[in-house]
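Hi everyone, thanks for coming. I'd like to walk you through a structure that is probably new to most of you, so please have a look at it on the screen.

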Amino acid sequence: MTRRRVSNPLALAVLSCLAERPMHPYEISTTLRHRGKEQSIKLNYGSLYSVVESLQKHGLIASKETTRAGRRPERTVYEITDAGVAELEDWLSELLSTPVREFSSLEAGLSLMPSLPPQDVAMLLSKRAQLLRVELRTLDAMLDDATGLELPELFLVEGRFRRAMLAAELEFVGELAKSIGGASMSGVKTWRRIHELRAEGVPFEEITADPVRYLGEEGRILQQPSS
C-alpha cells in the first residue's frame with residue numbers, strides 16, 4: 001500500500017465531501033453522519049479537526065473563507081486542491097483494487113485460544129454467535145427500511161458488504177464452537193488434557209518436556225526438537 005501523507009481513513013471521507021463542494025468541518029461531520037458513514041469510518045468531531053488541519057498542512061485542502069453567523073464562533077470553509085483531488089482518486093482506487101492483510105481482533109483471539117480450556121472457548125464462541133445474530137437482525141431491519149424507501153442500491157453497498165461479512169463470521173464461529181464443544185476437531189482432546197493436567201498442578205514446561213508420557217502419541221507434536 002502507498003504511504004499516505006495523511007493515512008486516517010477519515011481524511012479520505014473529508015476529501016470526498018470537499019470534492020462535492022466547499023464546506024466547514026461541522027458541515028462535513030453532519031454530511032457524513034446524515035449519510036451513515038460513521039458505520040464504515042470511525043468519526044468523532046475532535047479527530048475530524050485534526051484531520052482537516054493535517055490535510056491543509058499537506059496542501060490537499062485549503063481555506064476558502066471564514067464566516068460567522070450571529071454570535072457563533074467563526075467557521076472556516078475549506079475547499080479541495082488539485083493535489084487533494086489526485087490524492088482522493090489514487091487512494092480510493094487503491095482501496096477498491098488492492099487486497100490488504102488486515103489483522104482482526106477475532107483472528108488474534110483464535111490464534112491464542114489454546115490458552116483457555118476448550119469448553120470455555122466453545123462457550124465464548126457461542127456467545128459471540130448470539131451477538132452476531134442480534135447484529136445481523138438489526139442490520140437486516142435497516143436494509144429493509146432503506147429498501148422500503150426505495151433508496152438506490154448504490155447507497156446500500158457498504159451495508160450489504162457488512163452483512164456478508166457478518167454472515168460469514170457467524171457461520172464460521174458457529175461451526176467452530178460446535179466442533180470444539182463436541183471435540184470433533186482434531187487436537188481438542190489433547191488441548192483439554194493439557195488444561196486438566198495444569199489444573200492438577202503439572203507445569204506446562206514439564207508437560208512439553210515429555211509430552212508423550214502425559215498426552216500419548218497425540219502429544220508428540222509438542223515434543224521439543226533435539227539440539
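Let's begin with H24, which counts as buried because its relative accessible area is 13%, under the 20% cut-off. Do keep in mind as we go that this is a predicted model. Where does H24 sit? You'll find H24 in the loop between α1, residues 9–20, and α2, residues 25–34. And what touches H24, once we leave aside its neighbours within four places in sequence? The contacts are R75, T76 and V77.

Now for the opposite case, K189. This residue belongs to helix α8, and K189 is exposed because its relative accessible area of 57% is over the 50% cut-off. There is also a link across the sequence here: K189 and P118 are 71 residues apart along the chain, yet their C-alpha atoms are separated by 8.8 Å.

Since we are in α8, let's stay with that helix. Does the length of α8 agree or disagree with what we should expect? With 12 residues at 1.5 Å a residue, α8 should span 16 Å, and its end C-alpha atoms are 17 Å apart, so the two agree. The buried residues of α8 are V188, T190, W191, I194, H195 and L197. Which helices do those buried residues pack against? They pack against α6 (118–148), α7 (157–181), α9 (204–209) and α10 (211–215). Just after α8 comes G201, with a positive phi of about 100 degrees.

One of those partners, α6, deserves its own moment. Helix α6 has 31 residues and reaches 44 Å from its first C-alpha to its last, close to the expected 45 Å. The buried residues of α6 are P118, V121, A122, L125, A129, L132, L136, L139, L143 and A146. Here's a handy thing to remember while looking at that list: an α-helix has 3.6 residues a turn, so residues three or four places apart point the same way. What covers the buried residues of α6 includes α5 (105–112), α7 and α8. After α6 comes E150, whose phi is positive, near 60 degrees.

Next, let's talk about spaces. The second largest pocket has a volume of about 380 Å³. Its lining has 15 residues, and P114, G187, W191, I194 and L222 lie nearest the centre. Which helix gives the most to that lining? The answer is α8 again, residues 188–199, with 6 residues. By type, the lining of this pocket divides into 8 nonpolar, 5 polar and 2 charged residues. You may recognise W191 and I194, which are also among the buried residues of α8.

How many cavities of 30 Å³ or more are there? The count comes to 1. The largest cavity holds about 30 Å³ of space, and its lining is made up of L10, A13, L32, K37, E38, I41 and L43. Those residues divide into 5 nonpolar, no polar and 2 charged.

Finally, the salt bridges, of which the count is 15. I'll show you three pairs.

The side chains of E94 and R4 meet at 2.8 Å, N to O. This pair links distant parts of the chain, with E94 in helix α4 (residues 82–97) and R4 in the segment before α1, 90 residues apart. Are these two buried or exposed? Both E94 and R4 are buried.

The second pair is R162 and E135, at 2.6 Å, N to O. Here the link runs between R162 in helix α7 and E135 in helix α6, 27 residues apart. R162 counts as partly exposed, at 38% relative accessibility, and so does E135, at 33%.

The third pair is R160 and E153, whose closest N and O atoms are 2.7 Å apart. R160 is partly exposed at 34% relative accessibility, and E153 is also partly exposed, at 43%. Beyond single pairs, salt bridges that share partners join R4, R5, E87, D90 and E94 into one network. So please look at R4 and E94 once more on the screen, as members of that network.

That's my tour. Thanks for listening, and I'm happy to go back to any part of it.

Technical notes:
Residues are numbered from 1 along each chain as its sequence is written. This is a predicted model: local features need pLDDT of at least 70, side-chain atom pairs count only at pLDDT 80 or more; totals for chains, interfaces and linings use all residues. Side-chain values use heavy atoms; hydrogens and water are left out. On a 1 Å grid over the protein atoms alone, a cavity is a set of points where a 1.4 Å probe fits but cannot get out, and a pocket is an open set with protein on both sides within 12 Å along at least five of seven lines; lining residues have an atom within 4 Å of a point. Grid points are joined across faces, edges and corners, and a volume is the space filled by probe spheres set on the points. Ala, Val, Leu, Ile, Met, Phe, Trp, Tyr, Cys and Pro count as nonpolar, Asp, Glu, Lys and Arg as charged, and the others, Gly among them, as polar. Helices (H or I, at least four residues) and strands (E, at least two) are DSSP runs, numbered from the N terminus. Buried means under 20% relative accessible area, exposed over 50%, partly exposed in between (1.4 Å probe, protein chains only). Contact means heavy atoms within 4.5 Å. The expected span of a helix is 1.5 Å times one less than its number of residues. A salt bridge is a side-chain nitrogen of Lys or Arg within 4 Å of a carboxyl oxygen of Asp or Glu.
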